[in-house]
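Fresh notebook page, friendly reader. I wanted to look at a protein with DNA and metal, and I jotted down what I looked up as I went.

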There are 2 protein chains.
Amino acid sequence: MQITTERLTTSLKSAGMRMTPQRAAICKALAESEAHPTAAMIYDELRPQFDSLSLATVYNTLEALVKIGVVNALGGAGDGSIHYDADTEPHVNLACISCNKIIDIPSSHVQQLDDEITSTSGYKLLGARVLYYGLCPECQKKQEN
Amino acid sequence: MQITTERLTTSLKSAGMRMTPQRAAICKALAESEAHPTAAMIYDELRPQFDSLSLATVYNTLEALVKIGVVNALGGAGDGSIHYDADTEPHVNLACISCNKIIDIPSSHVQQLDDEITSTSGYKLLGARVLYYGLCPECQKKQEN
DNA sequence: TTCTAAATTTAGAATTATTATAAACAATAA
DNA sequence: TTATTGTTTATAATAATTCTAAATTTAGAA
Ligand SMILES: [Mn+2]
Ligand SMILES: [Mn+2]
Ligand SMILES: [Zn+2]
Ligand SMILES: [Zn+2]
């Protein structure tokens with residue numbers, strides 16, 4: 001998924017922002033993650049490499065990426081914090097409100113849905129939040145006791 | 001939309017909760033609103049009728065409704081707070097991150113999408129969050145200056 | 001290189017939505 | 001009635017996010 005990392009960094013540059021080591025690392029971590037991470041998750045992952053990294057920088061970079069429209073803000077998943085998705089191709093996200101994991105599932109209908117909204121809404125669209133939530137198979141088992 | 005109000009109240013009762021005046025009013029306000037309100041919006045609307053209403057009661061009731069699966073938590077819309085939707089029929093929500101309003105738009109594809117996820121995910125589904133965000137036509141005009 | 005100005009990062013404080021707590025209150029039933 | 005359980009309320013606590021101002025870095029000019 002090297003393509004997405006560069007997509008994020010070039011988007012920031014196109015928006016007039018400088019590319020710093022911190023921003024590059026945040027873009028890379030977000031683009032290469034399958035986990036739909038939160039700001040804190042990215043911060044924890046990058047702290048070993050940037051021992052003076054600030055959470056504010058993570059938040060600022062994520063906010064910029066969302067505002068540009070190249071990252072989607074999916075919202076909470078049972079935990080109190082916002083999860084982000086660098087994959088803006090139309091797809092369905094599936095969140096477990098018990099273990100707070102979010103996975104992707106393919107769907108042939110989302111692309112059509114996306115086309116429909118894009119062409120008929122009249123809105124200047126920035127992003128999407130297509131997320132179903134519930135209990136994953138593992139957490140369902142744990143609840144049976 | 002009198003049907004939905006009763007759906008909410010009977011759901012709470014079926015879950016073993018008592019029906020109180022506060023809970024009934026919260027269900028009614030949520031079901032009759034087109035605004036996808038936040039907890040604070042419901043609180044402000046009901047305070048004239050219940051001058052000792054507590055925000056905690058609103059939050060507790062909303063949480064119960066979401067946990068039962070009869071109300072969807074859509075997440076934030078530019079403001080920092082969670083918006084709720086008592087309409088659990090598959091549909092697309094469209095949020096403006098400038099004026100923070102959320103509207104519904106019809107789509108023929110969402111129902112199929114919903115069927116697909118429901119039957120193939122393996123999750124015990126509780127709710128959905130199908131929301132596109134961007135700038136509404138009015139806020140687009142305001143930005144051109 | 002050195003200097004300057006603008007952008008960025010950082011640490012920490014402030015904000016604020018949400019949750020937890022415990023006392024007051026209301027409903028149910030023996 | 002009395003006991004018991006559930007509910008609401010006011011308030012405190014929590015914690016995610018945002019704000020602020022100082023320190024640092026960057027880009028470009030001299
Ligand atoms: Mn995803
Ligand atoms: Mn809706
Ligand atoms: Zn799970
Ligand atoms: Zn608007």
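**Entry 1: a histidine in chain B**

Is His109(B) buried or exposed? I found that His109(B) is buried, with a relative accessible area of 15%; buried means under 20% relative accessible area, exposed over 50%, and partly exposed in between, using a 1.4 Å probe and the protein chains only. Before going on, I noted that this is a predicted model, where local features need pLDDT of at least 70, side-chain atom pairs count only at pLDDT 80 or more, and totals for chains, interfaces and linings use all residues. I also noted that residues are numbered from 1 along each chain as its sequence is written, that chains are lettered from A and ligands numbered from 1 in the order in which they are written, and that side-chain values use heavy atoms, with hydrogens and water left out.

His109(B) sits in helix 5 (residues 108-120) of chain B; helices (H or I, at least four residues) and strands (E, at least two) are DSSP runs, numbered from the N terminus. I then checked its contacts (heavy atoms within 4.5 Å). Setting aside neighbours within four places in sequence, His109(B) touches His109(A), Gln112(A), Leu113(A) and Glu116(A).

**Entry 2: the manganese site**

Which residues coordinate the manganese ion (ligand 2)? I listed His36(B) (NE2), Asp85(B) (OD), His91(B) (NE2), Asn93(B) (OD1) and Asp104(B) (OD), at 2.1 to 2.2 Å. Donors here are N, O and S atoms within 2.8 Å of the metal (3.2 Å for Na, K and Ca), and sites may look incomplete because water is not among the atoms. The spacing of the donor residues in sequence reads H-x48-D-x5-H-x1-N-x10-D. His36(B) belongs to the loop between helix 2 and helix 3 (39-46) of chain B and Asp85(B) to strand 2 (residues 83-85) of chain B, so the pair ties together parts 49 residues apart in sequence. I found both His36(B) and Asp85(B) buried.

**Entry 3: DNA strand D**

I counted a residue as near a strand if one of its heavy atoms lies within 4 Å of it. DNA strand D is surrounded by 16 residues, and the closest are Tyr59(A), Arg18(B), Thr20(B), Arg23(B) and Ser52(B). Of the strand D atoms within 4 Å of the protein, 84% belong to sugar or phosphate and the rest to bases.

For polar contacts I used pairs of N or O atoms within 3.5 Å; within protein, one must be able to donate a hydrogen and the other to accept it, and residues adjacent in sequence count only if both atoms are side-chain atoms. An N or O atom in the side chain of Tyr59(A) is 2.3 Å from a phosphate oxygen of strand D. A polar backbone atom of Ile82(A) is 3.1 Å from a phosphate oxygen of strand D.

**Entry 4: DNA strand C**

How many residues surround DNA strand C? I got 15, the closest being Arg18(A), Thr20(A), Arg23(A), Ser52(A) and Tyr59(B). Among the strand C atoms within 4 Å of the protein, 87% belong to sugar or phosphate. The side chain of Tyr59(B) has an N or O atom 2.3 Å from a phosphate oxygen of strand C.

Thr20(A) got a closer look. Its side chain has an N or O atom 2.4 Å from a phosphate oxygen of strand C, and the side chain of Thr20(A) also reaches the backbone nitrogen of Arg23(A) at 3.1 Å. Thr20(A) lies in the loop between helix 1 (2-14) and helix 2 of chain A, and is partly exposed at 26% relative accessibility.
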